[in-house]
Amino acid sequence: MHVVLLSLALAALPEEKAILTDPPLVPPPITRTTPAKVKVELEVVEKVMQLADGVEYTFWTFGGSVPGKFIRIREGDTVEFWLENHPNNKLPHNIDLHAVTGPGGGAASTFTAPGHKSRFTFQALNAGLYIYHCATAPVGMHIANGMYGLIYVQPKKPLPKVDREYYVVQGDFYTDADFGTKGLQPFSMKRAIDERPSYVVFNGSALSLVGDRALKGKVGETVRLYVGNGGPNLVSSFHVIGEIFDRVYTEGGMKVQENVQTTLVPAGGSAIVEFKLDTDGTYILVDHSIFRTFNKGSLGMMKVEGPGNKEVYSGKEVDAVYLGDESVATSLKATPGTTAAASGKPDGRALFVQNCAMCHQGEGQGVPGVFPPLAKSDFLANIANNKRGELVEYVLRGKTGKVTVNGVEYNGVMTPVAGLDDEKLATVLTYVSTAWGNKAPAFTTDEVKKLREALPPVPAPAAPH
């Protein structure tokens, strides 16, 4: 009798097919005010896609993207869920939706071989933002290959309207080779078990939210980000550089925290963050476990157009040379650890370690994608042999902008090095120009003195407003 009544109740519900979207897009808000019977169809596709520039990986996906399709339903809906495993796939898969109350979150009912499809039905009892993922053994491997996404159970009373909604999910990936190694990379079970990812990225790729793929916005708009963490291992410290979250729905639930700088998103968890775009510019999405961002790929962008608000953020008002008392004092005396004990003269390697090695590393190898190498550098060889005055200027005044070293483009900031008199500057320039296989004439103190005196005047700083 109960089954009959349930069938009659389901038959009375209006029926619709869920709108699914690829990241970073989100389906439109649901405007109906009563439950419905919603059909969701999700196809598993195993495919090769880009993990980073020149790096490919065989992803296992829900819907052909990482993360999988964004699913939006309403609290109280009855969902008829179909999982389809493409016939060209190699492996069986299933799905565990954290929004489901029932064995395995649906995994127990959806084990599906290639060329087959499965169905189960559930009722969306709890509002909130939930992860879904594959739970076929070995579970960690299926998740690590990209099998996760978000399902949003919109509450009966929907969240306030915003101008833009986006979908961002972090994941950690484990390849045999280190970050940036070109070509098709295989999965490394050892690295995954040891929790030593080669890549930590948003939306399945180090390139997914940069350049032309950056999120868009306009000054004055409100933005809601549906943020997830597929893991399988790492907790995310999600932060948008240059913004403060007006509201955070912690762990994807209904409780709200206000004025949050960084929010934790556990593996297999989520958060909803909202903020207003008060001024223009490019805002950077990061995992604030920051080496992941600048060395493993968890960096995205939101480009905001429109008139800047100088009251909110002025931009740089002054760019002036500054030499504090300590810098002046250092330039007038030998610094401990920088002189060769036998001769009393500056030691090139010691000067390099003190002033340059923090960025360019101890053997001049640089940091891939961040700081260019000095060892066997065609860029350094050219200026050390042909543009020696420029090399002096870079050290004394710094350099900003793009340079190409050994065929790789870098775009960063080299800060000025303070406290080098002519003898010390000649010594460290000679060291970097002749060490690690570099070949250029040595710099003399007299030469450096003349090159320093010939530098163009420093432009006067702009007057503050």
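Cys359 counts as partly exposed, because its relative accessibility is 31%. In this predicted model, the sulfur of Cys359 lies 8.8 Å from the closest cysteine sulfur, that of Cys356, which is too far for a bond. The cut-off that applies here is a sulfur pair within 2.5 Å. The structure accordingly holds 0 disulfides. Cys356 is likewise in no disulfide, with the sulfur of Cys359 as its nearest cysteine sulfur. Cys356 counts as buried because its relative accessibility is 18%, a value judged against a limit of under 20% for burial.

**Backbone geometry in loops**

Most residues other than glycine have a negative phi, and most peptide bonds are trans. Four places in loops are of interest against that background, and the table lists their torsions.

| Site | Torsion | Value |
|---|---|---|
| Val66 to Pro67, cis peptide bond | omega | near -5° |
| Gly231 to Pro232, cis peptide bond | omega | near 15° |
| Asn203, not glycine | phi | near 55° |
| Glu251, not glycine | phi | near 55° |

Pro67 sits in the loop that runs between strand E4 (55–62) and strand E5 (70–74). The peptide bond leading into Pro67 from Val66 is cis. Pro232 is placed in the loop between strand E15 (222–231) and strand E16 (236–241), and the bond that joins Gly231 to Pro232 is also cis.

Asn203 has a positive phi and belongs to the loop between strand E13 (199–202) and strand E14 (215–218). With a relative accessibility of 8%, Asn203 counts as buried. Glu251, whose phi is positive as well, is located in the loop between strand E17 (245–249) and strand E18 (256–260). Is Glu251 buried or exposed? Glu251 counts as exposed, because its relative accessibility is 57%.

**The six-stranded sheet**

Several of the strands that border these loops recur in an open sheet. The sheet is formed by 6 strands in the order E13-E11-E15-E20-E17-E18, and its pairing is mixed. Which strands form the edges? The edge strands are E13 and E18, each of which pairs on one side only. Direction ignored, neighbouring strands of the sheet are turned by 20° against each other on average.

Within this sheet, strand E11 (residues 164–173) pairs with E15 in the parallel sense, over 8 bridges. Val168 stands opposite Val227 of E15. Strand E15 also borders the loop that holds Pro232, and the edge strand E13 borders the loop that holds Asn203.

**Packing of helices H9 and H11**

How do helix H9 and helix H11 lie relative to each other, and which residues meet? Helix H9 (residues 388–397) packs against helix H11 (residues 445–453) at an angle of about 75°, and their axes are 9 Å apart. The two helices are therefore roughly perpendicular to each other, given that angles of 65 to 115 degrees fall in that class. On the side of H9, the contact is made by Arg388, Gly389, Val392 and Leu396; on the side of H11, by Glu447, Leu451 and Arg452. By character, the residues of this contact divide into 3 nonpolar, 1 polar and 3 charged.

Conventions:
Residues numbered from 1 in each chain as written. Predicted model: local features only at pLDDT ≥ 70, side-chain atom pairs only at ≥ 80, totals over all residues. Heavy atoms only, no water. Buried < 20%, exposed > 50% of the residue type's maximum accessible area, 1.4 Å probe, protein only. Helix = DSSP H or I, 4+ residues; strand = E, 2+ residues; numbered from the N terminus. Axes fitted to C-alpha atoms, helices over the stretch in contact; angles between N-to-C directions. Parallel < 35°, antiparallel > 145°, perpendicular 65-115°, else oblique. Contact = heavy atoms within 4.5 Å. Nonpolar A, V, L, I, M, F, W, Y, C, P; charged D, E, K, R; others polar. Pairing = 2+ DSSP bridges.
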